[in-house]
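Here are a few notes from my read-through, in no grand order. Have the structure open while you go through them.

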Amino acid sequence: MAPDNPNGITAHEEAETTYFQSNPAPKSLANHETLAREFIQYHLENAPNRRIALVTSGGTTVPLENQTVRFIDNFSAGTRGATSAEYFLQEGYAVIFLHRQFSLLPYSRHYSHSTNCFLDFMEESEDGERVVVRKEYQEKMRRVLRQYQHAKHSRLLLLLPFTTVTEYMFELRSLAVIMRPLGSRALFYLAAAVSDFFIPRNRMEEHKIQSREGGNSRQLVINLDPVPKFLTNLVHSWAPKGSMIVSFKLETDPDLLVAKAEQALERYQHDLVIGNLLTTRKWEVVFITRDGGERWIRVPKTRRSKSFSGVEALVGKAERKHGPEPHDLDGGTVTEG
Ligand code: PAZ
């Protein structure tokens, strides 16, 4: 990118320096960096052709106090990210799963936040000696357990949690840089719902904000700054050259979705924007591509109880960009058009 000022640095680089110097790095960053380096090194040494997807998932928080009692949250249960991670694993990728702490995780998502308590999946054996999975759940649980154990034992899945928007930004930057040796085998799948606004550290209250002042209740007026648009930095500076970068765009107004997704692709110059609407996100998404394409992918009405990731169609795209993987795709769960 061309420099925007006489010092030879772009406005995006300047925003990056200011943001990362004036907001504190997460305490777990150094440990996460070590884990990510080891993970990538392991795959480079043991499966040099394997692709690695960084899947981001869940919503970021914006703390109102440094010793945080209250925070603003971004909508996302982590369903898209956790489901997509499973599909990437199934398609032969290793996955770094950067997720909001306590949001849905690949595999355990089938049980952890279900409408049943996880204890409802179990019962005592007839002799009362053991706790066992209820008969009607055994087949599915065996399948999920096997997939989970395979991912775990083959070191295919690295789980890294974040909570705040600032933690997310530090983690994303570090992971992208650590992924550079992967070159075109790196894929970024940014499904997390990241806050557009935050309170910079130097304006954040240290202690719990009090609701009364001088004996009277008070109004709370919050002044938020925009979070710099770091997708530009990710695309042009942090991520490995030749990697595939996919972002998501969530809207609530159907009339805005496609235009906003197209705008994002034009602005950040990455590979793909997947648009979705809050109310229909589980059944349909739209792929906006650099060639001006707008492709809707829908789960047929009869299959709508199944979680939908959109990865089925995306993996086909990644293959066209990077060359085929040695396995077949199961594209049978979605329709296009
Ligand atoms: O996690 P979830 O399945 O409840 O929701 C997924 C989603 C809507 C957060 C995701 O598909 C998405 O659009 N993420 C980007 C949000 C944004 O525009 O910032």
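1. Start with the hairpin of strand 15 and strand 16: four residues sit between the strands, and Gly-292 takes a positive phi near 85 degrees there. Bear in mind that this is a predicted model.

2. The two strands of that hairpin, strand 15 (residues 284-289) and strand 16 (residues 294-298), run antiparallel and pair over five bridges. If you want one to look up, Glu-284 has Arg-298 in strand 16 as its bridge partner.

3. Now for positive phi outside glycine. Most residues other than glycine have a negative phi. Phe-102 goes the other way, with a positive phi of about 70 degrees. You'll find Phe-102 in the loop between strand 4 (94-100) and helix 4 (109-112). Is Phe-102 buried or exposed? Phe-102 counts as exposed, because just 12 other C-beta atoms lie within 10 Å and the cut-off for exposed is 12 or fewer.

4. Arg-155 also has a positive phi, near 55 degrees. Its place is the loop between helix 5 (135-153) and strand 7 (157-162). With 14 other C-beta atoms within 10 Å, Arg-155 is partly exposed.

5. On to the ligand. Which residues are the closest to it? They are Ser-76, Thr-79, Arg-80, Phe-248 and Leu-250, out of 13 residues that surround the ligand. By class, the shell has six nonpolar, four polar and three charged residues.

6. Where does the shell come from? Helix 3 (79-90) and strand 13 (244-251) each supply at least two residues. Strand 13 gives the most, with three.

Key: Residues are numbered from 1 along each chain as its sequence is written. This is a predicted model: local features need pLDDT of at least 70, side-chain atom pairs count only at pLDDT 80 or more; totals for chains, interfaces and linings use all residues. A residue is near a molecule or strand if its C-beta atom, placed from the backbone, lies within 6 Å of it. Ala, Val, Leu, Ile, Met, Phe, Trp, Tyr, Cys and Pro count as nonpolar, Asp, Glu, Lys and Arg as charged, and the others, Gly among them, as polar. Two strands pair if DSSP finds at least two bridges between them. A residue is buried if 20 or more other C-beta atoms lie within 10 Å of its own, exposed if 12 or fewer, and partly exposed in between; C-beta atoms are placed from the backbone.
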